[in-house]
Amino acid sequence: MRVGQRGWDVAALQFLLSSRGYGPGAFDGGFGPNTDDAVRRFQQAAGLGGDGVAGSATLGALRRRQVSAAPDGPVRFLRPVSARIGDGFGWVAGRQHTGVDFLAGEGAPIGAAGRGVVAFADRTSGGYGNLVVVRHRLGFESWYAHLSGISAWVGEAVVGGSRIGSVGATGQATAPHLHFEVRQFGTPVDPVPRLLDITAARARRASRRGLVCRPNADAWNARDTDPAVARFGRCP
Ligand SMILES: [Zn+2]
């Protein structure tokens with residue numbers, strides 16, 4: 001790939017560059033000056049010369065670059081639905097998957113994955129279908145796509161477990177599931193390392209009974225943490 005090309009593979013390259021810290025600024029699928037600059041910066045850092053042409057050596061280096069398994073900071077999320085995960089984050093079937101897919105049935109209740117404010121709650125014309133976005137602290141957002149119904153409104157303050165909608169298959173989805181994304185300062189990140197072993201619904205029921213998850217020591221020690229999405233040392 002080189003300057004002037006367009007397409008999904010260019011968008012995937014842009015995403016890969018961004019996930020390695022060499023963001024081209026946009027995932028628009030167009031190989032313009034910003035993408036050229038990002039490719040050259042990555043190539044120079046990786047000892048690949050820096051000719052701006054994303055060939056097999058550059059793509060290989062981008063894919064090999066390890067992403068830390070243990071995410072920085074204490075922010076963790078509740079599981080928004082009680083279901084196993086099908087397609088994961090990253091390269092799936094030749095394209096970049098920006099979230100994970102929870103294989104829940106039509107109409108299954110979805111709970112907010114943590115404390116925050118609803119930033120978007122409406123149908124979209126793109127692949128997401130009916131979409132809810134919750135803005136959390138520390139630059140995090142959680143996205144919930146393909147919903148059959150939305151029960152949240154923009155500006156609503158939610159806590160972990162607040163009902164925000166129901167699982168569906170709106171947008172580009174062949175069967176009901178919840179496409180769940182976590183974004184950090186606008187960039188999709190793998191949600192799995194940040195997911196707790198407790199569902200949003202269970203945390204909500206526990207808090208109604210007065211049982212509160214206790215954040216573990218590193219959550220207490222870190223500055224500016226939010227117990228509702230921090231890692232829990234002990235949960236009811
Ligand atoms: Zn998905």
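1. Asp101 has a relative accessibility of 9%, and therefore counts as buried, the limit being under 20%. This value, like those that follow, is taken from a predicted model.

2. Asp101 belongs to the zinc site. The zinc ion has three protein donors, namely His97 through NE2, Asp101 through OD and His179 through ND1, and they lie 2.0 to 2.2 Å from the ion. Along the chain, these donors follow the spacing H-x3-D-x77-H. Asp101 is placed in strand β4 (residues 100-102) and His179 in strand β12, so this pair ties together parts that are 78 residues apart in sequence. His179 also counts as buried, because its relative accessibility is 6%.

3. Strand β12 takes part in an aromatic contact as well. Phe180 in strand β12 is paired with Tyr144 in strand β8, so parts that are 36 residues apart in sequence are tied together. The pair is tilted, with 5.4 Å centre to centre and 55° between the planes. Are the two partners buried or exposed? Tyr144 counts as buried at 0% relative accessibility, and Phe180 is likewise buried, with a relative accessible area of 0%.

4. The structure holds 6 aromatic pairs. In addition, Phe15, Phe27 and Phe89 form one aromatic cluster. A charged side chain is also found at a ring: Arg183 lies over the face of Trp143, at 3.8 Å from the ring centre.

5. Two residues deserve a check of their backbone angles. Which sign does phi have at His146? His146 is not a glycine, yet its phi is positive, at about 70°. His146 is found in strand β8 (residues 140-147), and it counts as buried because its relative accessibility is 5%.

6. Phe185 is the other residue to be noted here: its phi is positive, at about 50°, although Phe185 is not a glycine. Phe185 sits in the loop between β12 (178-184) and β13 (187-189). With a relative accessibility of 67%, Phe185 counts as exposed, whereas His146 counts as buried.

7. Confidence should be kept in view when the model is read. The mean pLDDT of the chain is 83, and 84% of its residues reach 70 or more. Where is confidence lowest in the chain, and where is it highest? The lowest confidence is in helix α5 (residues 217-221), at a mean of 50, and the highest is in strand β9 (residues 149-150), at 98.

Conventions: Residues are numbered from 1 along each chain as its sequence is written. This is a predicted model: local features need pLDDT of at least 70, side-chain atom pairs count only at pLDDT 80 or more; totals for chains, interfaces and linings use all residues. Side-chain values use heavy atoms; hydrogens and water are left out. pLDDT is the predictor's confidence in each residue, from 0 to 100. Helices (H or I, at least four residues) and strands (E, at least two) are DSSP runs, numbered from the N terminus. Buried means under 20% relative accessible area, exposed over 50%, partly exposed in between (1.4 Å probe, protein chains only). Rings of Phe, Tyr and Trp (its six-membered ring) pair if their centres lie within 6.5 Å; planes under 30 degrees apart count as stacked, over 60 as edge-to-face and the rest as tilted. A charge sits over a ring if NZ of Lys or CZ of Arg is within 6 Å of the ring centre and within 35 degrees of the ring normal. Donors are N, O and S atoms within 2.8 Å of the metal (3.2 Å for Na, K and Ca); water is not among the atoms, so sites may look incomplete.
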